[in-house]
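Student: Got a minute to go through this model with me? I'd like to talk through a few helices, strands and odd backbone angles.
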Amino acid sequence: MAYLDHAATTPMLPEAVQAMTAQLTATGNASSLHAAGRRARRTAEEAREDLAASLGARPSEVVFTAGGTEADNLAVKGLYWARRDADPRRVRVLASPVEHHAVLDAVHWLAEHEGATVEYLPVDAQGRVHPEVLRAAIERDPDDVALATVMWANNEIGTIMPVSELAAVAREFEVPLHADAVQAFGQLDVDFAASGLAAMTVSGHKIGGPYGIGALLLGREYTPVPVLHGGGQERHVRSGTLDVPAIAAFAVAGRLAAERRGTFARETGGLRDRLVEAVHKAVPDAILGGDPDPAGRLPANAHFTFPGCEGDSLLLLLDAQGIECSTGSACTAGVAQPSHVLLATGTDPDLARGTLRFSLGHTSTAADVDAVAGAIGPAVERARTAGLV
Amino acid sequence: MTSPRPLRVLAAMSGGVDSAVAAARAAEAGHDVTGVHLALSANPQSFRTGARGCCTIEDSRDARRAADVIGIPFYVWDLAERFREDVVEDFVAEYEAGRTPNPCLRCNEKIKFAALLDKALALGFDAVCTGHYATVVLNEDGSRELHRASDMAKDQSYVLGVLDERQLAHAMFPLGDTLTTKDEIRAEAERRGLAVAKKPDSHDICFIADGDTQGFLANRLGKAEGDIVDESGTKIGSHEGAFGFTIGQRKGLRIGHPAADGKPRYVLDISPVNNTVTVGPVEALDVTALGAIKPRWCGTAPAGPGTYTAQLRAHGGETEVTAELVDGTLNVTFAEPVRGVAPGQAIVLYDGTRVVGSATIATTERAATRV
């Protein structure tokens, strides 16, 4: 088996498993006042401090959620509502068109149900939003912008956005900028304070932590309107009993991800470069998606378009060879759609159907790359025969 | 299973119990099976909110769940565009022209054993497996014959009568030799842990989810009021579109007053040109002969006239005929007059249990007049 879909989810680190299992048998609601509650709260708060340290944030800026999707929804909807409540003119949402669906669909929902005007910021052929594009969009009317949201790095094609420059532009106009950093955490130097972002999403299971836990890093001056109402946990922004075992494991995984980032980027980046080389050798007309410069893309991401192929066919053929990867794009009722990311970069819709994303991770080996090198040529040849039925 | 060696099999899984058990049997027989659900309804929305009918999503999930239980890979293939062109538009156009099509035959001919089969073969599969009740017999010379299912009550060879020998060579029907009731198939599904065991059967046309064919056609073709006339041409009622009728139809005519003889009236003829529906007594439906076009043969086309049994509807009985292919048209004469024969329907010819071929009915000859 060659598991090359770490961007979908990556195996939990043994240290995180240990931290989680140690907590699973301990009783205590972190909101309770008795000894059991105090113990749980201490565990959660230490984890909060750890995670904050791993991300260059203050502990009070960490709002735990049940995952990346929830954090994205809280940032986008919550900041929109809060900013509009403060000034009813603020109904314009600026978003990159290459966002994950957790952002894109939340933004779309605001337009459908909350009177938002959504403006998609044009991206270049590599899927990157340039700071001057954001500036031009805000400058058209700085007073009506509710928020801007641009991901730190793209989950499909791996393109890294100039987050700090974008945040600087947004700050100039006092517009809060949110970034989904789910893919960036563990692969890039993600420093919340240095970035200048107002809000930032991270997720546990993408960095070797458990499923169902994430966090919204949230500047102390921002109070989004809650999406979930209840017990008032997490700065009254996100109600719900704290999932102490998951939080503890998330913090451990986060610490290791930050500590090992340099080595990971170098070693995994090396494997990725070999994989790209091997694919181009087997399929000379394969098109590498995103930024060809390794400095501009996630070190663990390799994304290809194979002209004349359907991504689904390639998946089936590679799966049969024990190679697990993804088309990279979302699906509707199981049917792969042409990737909205590729369409936004100006790729022809037919071409956009023939994509594969190989994403490496902490368990990837040279044998995984060799498996792809051996299988991709015949798979592409066969998929081309099957054509775009 | 007729094949001794393990094959790479693509199992078309609708989400129903038959195709799930068929896939399970193929896997149990040692074949390398991959499940695929065909997404056949259009998806015009770019955002993923309720884009497809919920039934389709539920069927797709049921199919995937069954594949997981069987332990085979599962994919959803989007053949919506091909389905729309080859089946739905054909269905609408046929009704518009006053004919009565069978979309299941078209789907087997153009989608399951054409678009799907071609893609499967290109991807390295040897066969497509479905939950149809029919039997493929492998002759010693390597040729294949399509036969009725062992259990005549469940036989579905009629809707497969459009398959030619090449398509048949790559078809697998693991339920064909089942001499069990539907309840027993359900029991088998239950025994295999397939949750679809209790799922109700689907009877309707799959792309008309609410079963309202008239409403679907009215929506597609618009309402157009026209006359209902008797055999002498006298107007006795009106309708909202001739396309909504089928020859032999008795219900839904809404003619206010009874016929002179007091007997029920049936649709005898549909004329889309002047949007007129002709009705008359049941005897006037008696068809003695017909001409059918676009013949397809499961093997070599028969030379010269022959005697066969014929089936004219999916759940219809058998009737004795003589048939001869003349200049591409199949001329069929019935031993005894039959009723309810409509242009657009398929006639499938059998030699005993063997499917000989099929053709689309174009003209019918009645005892009195040729319509």
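Tutor: Sure. Keep in mind that this is a predicted model. Let's begin with a helix pair: the crossing of H3(B) and H4(B) is right-handed.

Student: How are H3(B) and H4(B) oriented to each other, roughly parallel or roughly antiparallel?
Tutor: Helix H3 (residues 80–96) and helix H4 (residues 103–122) of chain B have axes 9 Å apart and pack at an angle of about 165 degrees. Angles over 145 degrees count as roughly antiparallel. So H3(B) and H4(B) are roughly antiparallel.

Student: And how many charged residues are in the contact of H3(B) with H4(B)?
Tutor: On the H3(B) side the contact includes Arg82(B), Asp86(B) and Asp90(B), while H4(B) brings in Arg106(B) and Lys110(B), among others. Nonpolar residues are there too, including Phe83(B), Val87(B) and Ile111(B). By class, that contact has seven nonpolar residues, no polar ones, and a charged count of five.

Student: Glu234(A) has a positive phi; is the residue buried or exposed?
Tutor: Most residues other than glycine have a negative phi. Glu234(A), with phi near 55 degrees, is in the loop between strand S8 (214–218) and helix H8 (244–282) of chain A. A residue with 20 or more other C-beta atoms within 10 Å is buried. Glu234(A) has 21 of them, so the residue is buried.

Student: Asn275(B) also shows a positive phi. Between which strands is Asn275(B) found?
Tutor: Phi of Asn275(B) is near 55 degrees. With 17 other C-beta atoms within 10 Å, Asn275(B) is partly exposed. Its loop in chain B is flanked by strand S10 (266–271) and strand S11 (276–280).

Student: Which residue stands opposite Leu10(B)?
Tutor: Leu10(B) has its partner in S2(B). Strand S1 (residues 8–12) of chain B is largely enclosed by the rest of the structure, because four of its five residues are buried. S1(B) runs parallel to strand S2 (residues 32–39) of chain B, joined by five bridges. The residue opposite Leu10(B) is Thr34(B).

Student: Last one: at what angle does H8(A) run to S10(A)?
Tutor: S10(A) belongs to an open sheet of three strands with antiparallel pairing, in the order S9-S10-S14 of chain A. The edge strands are S9 (287–288) and S14 (355–359). S9(A) pairs with S10 (residues 301–305) over two bridges, with Ile287(A) opposite Thr305(A). H8(A) lies across S9, S10 and S14 of chain A, and its angle to S10(A) is about 15 degrees.

Conventions. Residues are numbered from 1 along each chain as its sequence is written. Chains are lettered from A and ligands numbered from 1 in the order in which they are written. This is a predicted model: local features need pLDDT of at least 70, side-chain atom pairs count only at pLDDT 80 or more; totals for chains, interfaces and linings use all residues. Axes are lines fitted to C-alpha atoms, for helices over the stretch in contact, and angles run from 0 to 180 degrees between N-to-C directions. Angles under 35 degrees count as roughly parallel, over 145 as roughly antiparallel, 65 to 115 as roughly perpendicular and the rest as oblique. A crossing is left-handed if the near helix is turned anticlockwise from the far one by less than a right angle, and right-handed if clockwise. Two residues are in contact if their C-beta atoms, placed from the backbone, lie within 7 Å. Ala, Val, Leu, Ile, Met, Phe, Trp, Tyr, Cys and Pro count as nonpolar, Asp, Glu, Lys and Arg as charged, and the others, Gly among them, as polar. A residue is buried if 20 or more other C-beta atoms lie within 10 Å of its own, exposed if 12 or fewer, and partly exposed in between; C-beta atoms are placed from the backbone. Two strands pair if DSSP finds at least two bridges between them.
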